[in-house]
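Here are some short exercises to try with the structure open beside you. Attempt each task before reading its solution.

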Amino acid sequence: MDKIIAAENINIDRFGSVFIGKDTRPTSEHLSELAREGALLIGGNVLDFGLQTTPQLHHIVRMFNIQKSEWASEEGYYNMLAEAYQKILYGQDPKVEDRGKVICDAANGVGGAKMVKMAEKLSKEIKCEVRNAGDGTLNHMCGA
C-alpha cells in the first residue's frame, strides 16, 4: 500500500522540473493546468511546451537531462531526426522521386501539423503526404 505523505513533511528541495506537453483532445488543456498547479504547489518548476507529440516531449526531457540544450526543443527534435535520416542516405542517389512516397495518416491529432513540419525539413530526401492533418474530428474516418 502506498504511503501518503503530509504536505508539511515534503522536502521541496527534492523536487525538480515538470515538463508539460498537450495534445488536441478537449481534456488536455484542463489536465495540463492541473499538473501545472500541482507542481507549483509543491515548489516544482514548470516548463510548458504547448502542443507536442509524446515522442517530442520525451525528446525534450531527455535532451534537457543530458544537458544538450541545443536539441531540447521542438525544432531540436526535427533537426536531430533530419540529420540522422540524412546520414542514413549519405552516398545514395539524391533523386527524391525515385524513393517513392510515404503516406502518413495523422488521425486529425497533434501529430498532423508536426509531421507536416518534419516533411518540410526532409523535402529533399523524401516525399511525404500527410492525410487527416488536423482539420477533422480526432480519429474519425482515419486509419488509426
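## Exercise 1: Glutamate 74

Glutamate 74 counts as buried because its relative accessibility is 16%, where buried means under 20% relative accessible area, exposed over 50% and partly exposed in between (1.4 Å probe, protein chains only). This is a predicted model, in which local features need pLDDT of at least 70 and side-chain atom pairs count only at pLDDT 80 or more, while totals for chains, interfaces and linings use all residues. Residues are numbered from 1 along each chain as its sequence is written, and side-chain values use heavy atoms, with hydrogens and water left out.

**Task.** Find which residues glutamate 74 touches, and which side chain its own side chain meets in a polar contact.

**Solution.**
- Step 1: Locate glutamate 74 in helix H3. Helices (H or I, at least four residues) and strands (E, at least two) are DSSP runs, numbered from the N terminus.
- Step 2: List the contacts (heavy atoms within 4.5 Å). Leaving out residues up to four places away in sequence, glutamate 74 touches Leu51, Gln52, Gln56, Ile60, Lys114 and Lys117.
- Step 3: Look for the polar contact, a pair of N or O atoms within 3.5 Å; within protein, one must be able to donate a hydrogen and the other to accept it, and residues adjacent in sequence count only if both atoms are side-chain atoms. The partner is the side chain of lysine 114, at 3.0 Å.

## Exercise 2: Helix H3 and the core

**Task.** Describe the span of H3, its buried residues and its share of the largest nonpolar core.

**Solution.**
- Step 1: Compare spans. The 15 residues of H3 reach 22 Å from first C-alpha to last, close to the 21 Å expected at 1.5 Å a residue; the expected span is 1.5 Å times one less than the number of residues.
- Step 2: Pick out the buried residues of H3, which are Glu74, Gly76, Tyr77, Tyr78 and Ala82. They pack against strand E2 (45-51), helix H2 (54-65) and helix H4 (111-121).
- Step 3: Find the core. A nonpolar core is a set of buried Ala, Val, Leu, Ile, Met, Phe, Trp, Tyr and Cys residues joined through side-chain atoms within 4.5 Å. The largest one has six residues: Tyr77, Tyr78, Ala82, Met118, Leu122 and Ile126. Its largest share, three residues, comes from H3 (residues 74-88).

## Exercise 3: Paired strands

**Task.** Trace how the chain links its parallel strands.

**Solution.**
- Step 1: Read the pattern along the sequence, β-α-β-α-α-β-α-β, with four helices and four strands.
- Step 2: Take strand E1 (residues 17-22), which pairs with E2 in the parallel sense over five bridges; strands pair if DSSP finds at least two bridges between them. The chain goes from E1 through helix H1 (residues 28-41) to E2 in a right-handed β-α-β crossover. Right-handed means that, with the strands pointing away from the viewer, the path from the first strand over the helix to the second runs clockwise.
- Step 3: Repeat for E3 (residues 101-105) and E4 (residues 127-131), also parallel over five bridges. Here the chain passes through H4, and this crossover is right-handed.

## Exercise 4: Two positive phi values

**Task.** Are glutamine 67 and asparagine 108 buried or exposed?

**Solution.**
- Step 1: Place glutamine 67 in the loop between H2 and H3, with phi near 60°. Glutamine 67 is exposed, at 70% relative accessible area.
- Step 2: Place asparagine 108 in the loop between E3 and H4, with a positive phi of about 60°. Asparagine 108 is buried, at 8%.
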